[in-house]
Amino acid sequence: MRALRDFAGTSRGLFRDTDGMTILEQTLAAIRPADPEAVAEARAHQDRLTKPRGALGALEEVAVRLAGSAAASPPPIPAPAALAIFAADHGVHAQGVSPWPQEVTQQMVGNFLAGGAVANAFAAQVGATVTVVDVGVAADLPPAPNLIVDKVAYGTADLSEGPAMTPAQAVSALEAGIAVARRLVDQGARCLVTGDMGIANTTASAALICAFTGRDAAEATGRGTGADDETLTRKVEVVRRALLANGLAGPAGGRSRDAGDGRVPDGDVTAGPAGPGGPPAGDVLTGSALRTLAAVGGLEHAAIAGFILGAASLRVPVILDGVIAGSAALAAAALAPEAVDHCVAGHRSAEPGHALALAHLGLRPLVELELRLGEGTGGLLAHPLVCAAVRVMHEVATFDSAGVTEKGA
């Protein structure tokens with residue numbers, strides 16, 4: 001694939017502000033973990049509401065999570081929402097891992113911009129805006145409303161033969177995602193939703209999940225957009241070759257953890273902040289998290305990881321979609337473990353790797369409908385649930401204010 005940027009001195013990743021920090025370094029330094037006081041206040045408030053404790057199940061934990069993210073209880077209503085669909089192509093497509101031709105990526109971008117995709121219908125239903133971001137489509141796209149062209153390269157290299165991206169390209173894509181998060185929040189969004197488009201991107205997702213969790217390719221690789229048995233077998237072997245070719249046969253990130261506060265411990269300390277809000281410890285370009293992302297990720301994966309980091313730095317919640325977002329979140333968590341405190345898992349897709357990613361991140365999905373479309377569809381469907389969870393905190397009376405006698409009183 002033709003490279004558009006390769007750190008020739010003009011890429012965003014080499015630009016340093018007057019404080020000597022890149023945009024990525026500034027963002028990593030700004031990310032804080034969930035605020036413990038807000039979390040405690042939100043839990044106490046939930047227990048005072050006119051309902052049995054725990055009666056709203058996972059929705060109570062969503063409200064508490066958003067309180068911690070916002071450092072406020074109750075947290076702001078997470079609306080309006082903004083969906084960003086990051087689009088890019090993949091060199092590994094040449095290995096026959098998808099039944100769909102590569103030009104479908106470009107064609108679906110046109111469909112999003114025309115309002116004809118499922119993501120557009122779901123976004124209209126929940127009142128979300130739709131922005132499409134070209135970070136690596138293997139063609140030049142004509143200007144269009146709601147299209148941001150921030151192309152890093154015309155697709156990635158073949159990850160089964162070596163690194164899909166240079167570290168510099170990965171940084172540029174990360175910073176493209178950060179810029180989109182900042183832009184949408186500046187425009188009034190109070191909740192961000194991840195979306196993606198890229199033929200063969202579930203292959204890169206499986207490779208990322210294996211690299212960051214240490215799981216075998218057969219466990220993490222699924223049928224994507226309808227691979228038959230023969231194609232699935234080939235896809236698993238391609239993922240294995242990619243891990244070997246890039247020296248990633250073992251886990252690259254921290255150990256997994258049980259579902260709890262949703263943070264991945266033991267992140268790559270050379271690639272993220274020295275502590276909450278601290279300066280970056282060492283050069284992000286030398287960290288194993290970035291090297292892993294560059295080796296087997298896609299340009300849209302890197303951009304989504306940046307989108308997550310940008311949202312976290314602004315204390316704005318981000319709803320993750322399916323396996324593409326889940327694998328990108330693993331990269332974001334390896335760069336800044338605290339970023340996961342600002343994420344909500346919108347759904348669990350039918351792709352087997354998605355469940356592995358969510359378990360590693362400690363995130364509980366809100367919806368499980370056997371979706372495997374991508375585009376942000378699962379995240380959009382979850383948005384009303386997230387809003388409802390927070391609205392309860394604002395509008396439901398407490399036992400004291402309603403004059404209702406508590407159980408056991």
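**Exercise 1. Which residues are linked with Glu-237 in a network of salt bridges?**

Solution. Start with the meaning of the term: a salt bridge is a side-chain nitrogen of Lys or Arg within 4 Å of a carboxyl oxygen of Asp or Glu. The network links Glu-237 with Asp-216 and Arg-240.

Next, take one pair of the network. The side chains of Arg-240 and Glu-237 meet at 2.8 Å, N to O. Both residues lie in helix α9 (residues 229-245), 3 residues apart, about one turn of the helix. Helices (H or I, at least four residues) and strands (E, at least two) are DSSP runs, numbered from the N terminus.

Last, check the exposure. Buried means under 20% relative accessible area, exposed over 50%, and partly exposed in between (1.4 Å probe, protein chains only). Arg-240 has 29% relative accessibility, so it counts as partly exposed. Glu-237 has 36%, so it also counts as partly exposed.

**Basis of the values**

The structure is a predicted model, in which local features need pLDDT of at least 70 and side-chain atom pairs count only at pLDDT 80 or more, while totals for chains, interfaces and linings use all residues. Residues are numbered from 1 along each chain as its sequence is written, and side-chain values use heavy atoms, with hydrogens and water left out.

**Exercise 2. Describe the chain as a whole.**

Solution. First, count the elements: the chain has 15 helices and 6 strands. Second, look at burial: 58% of the 409 residues in the chain are buried. Third, look at contacts, where contact means heavy atoms within 4.5 Å. Of the contacts in the chain with a separation of 6 or more, 76% are between residues 24 or more positions apart.

**Exercise 3. Does the span of helix α2 (residues 36-48) agree or disagree with the expected one?**

Solution. The expected span of a helix is 1.5 Å times one less than its number of residues. For the 13 residues of α2 this gives 18 Å, and the end C-alpha atoms are 19 Å apart, which agrees.

**Exercise 4. Find the buried side of α2 and what surrounds it.**

Solution.
- Step 1: the buried residues of α2 are Ala-38, Val-39, Ala-42, His-45 and Gln-46.
- Step 2: these residues cover an arc of only 130 degrees around the axis, so they are on the same side of α2. The arc is that of the directions from the helix axis to the C-beta atoms.
- Step 3: the exposed residues Pro-36 and Glu-37 are on the face turned away from the buried side of α2.
- Step 4: the cover over the buried residues of α2 includes α3 (58-70) and α14 (377-395).
- Step 5: the N-terminal end of α2 is capped by Asp-35, with a side-chain oxygen 3.2 Å from the backbone nitrogen of Glu-37. The cut-off for a polar contact is a pair of N or O atoms within 3.5 Å; within protein, one must be able to donate a hydrogen and the other to accept it, and residues adjacent in sequence count only if both atoms are side-chain atoms.

**Exercise 5. How many salt bridges are found in the whole structure? Describe two of them.**

Solution. The search finds 10. One of them joins Arg-43 and Glu-61, with the closest N and O atoms 2.9 Å apart. Arg-43 is in helix α2 and Glu-61 in helix α3, 18 residues apart, and the pair links distant parts of the chain. Arg-43 is partly exposed at 38%, and Glu-61 is partly exposed at 42%.

Another pair is Lys-51 and Glu-60, at 2.7 Å, N to O. Lys-51 is buried, with a relative accessible area of 12%. Glu-60 is buried too, at 8%.

**Exercise 6. Locate Glu-375 and list its surroundings.**

Solution. UniProt, in an unreviewed entry, places the feature "active site" at Glu-375. UniProt positions are given in the numbering used here, feature names are shortened, and annotations may be inferred rather than shown by experiment.

Glu-375 is in the loop between α13 (352-361) and α14. Glu-375 is buried, with a relative accessible area of 4%. Not counting residues up to four places away in sequence, Glu-375 touches residues including Leu-83, Phe-112, Gly-195 and Asp-321. A polar atom of the Glu-375 side chain lies 3.1 Å from the backbone nitrogen of Ala-119.
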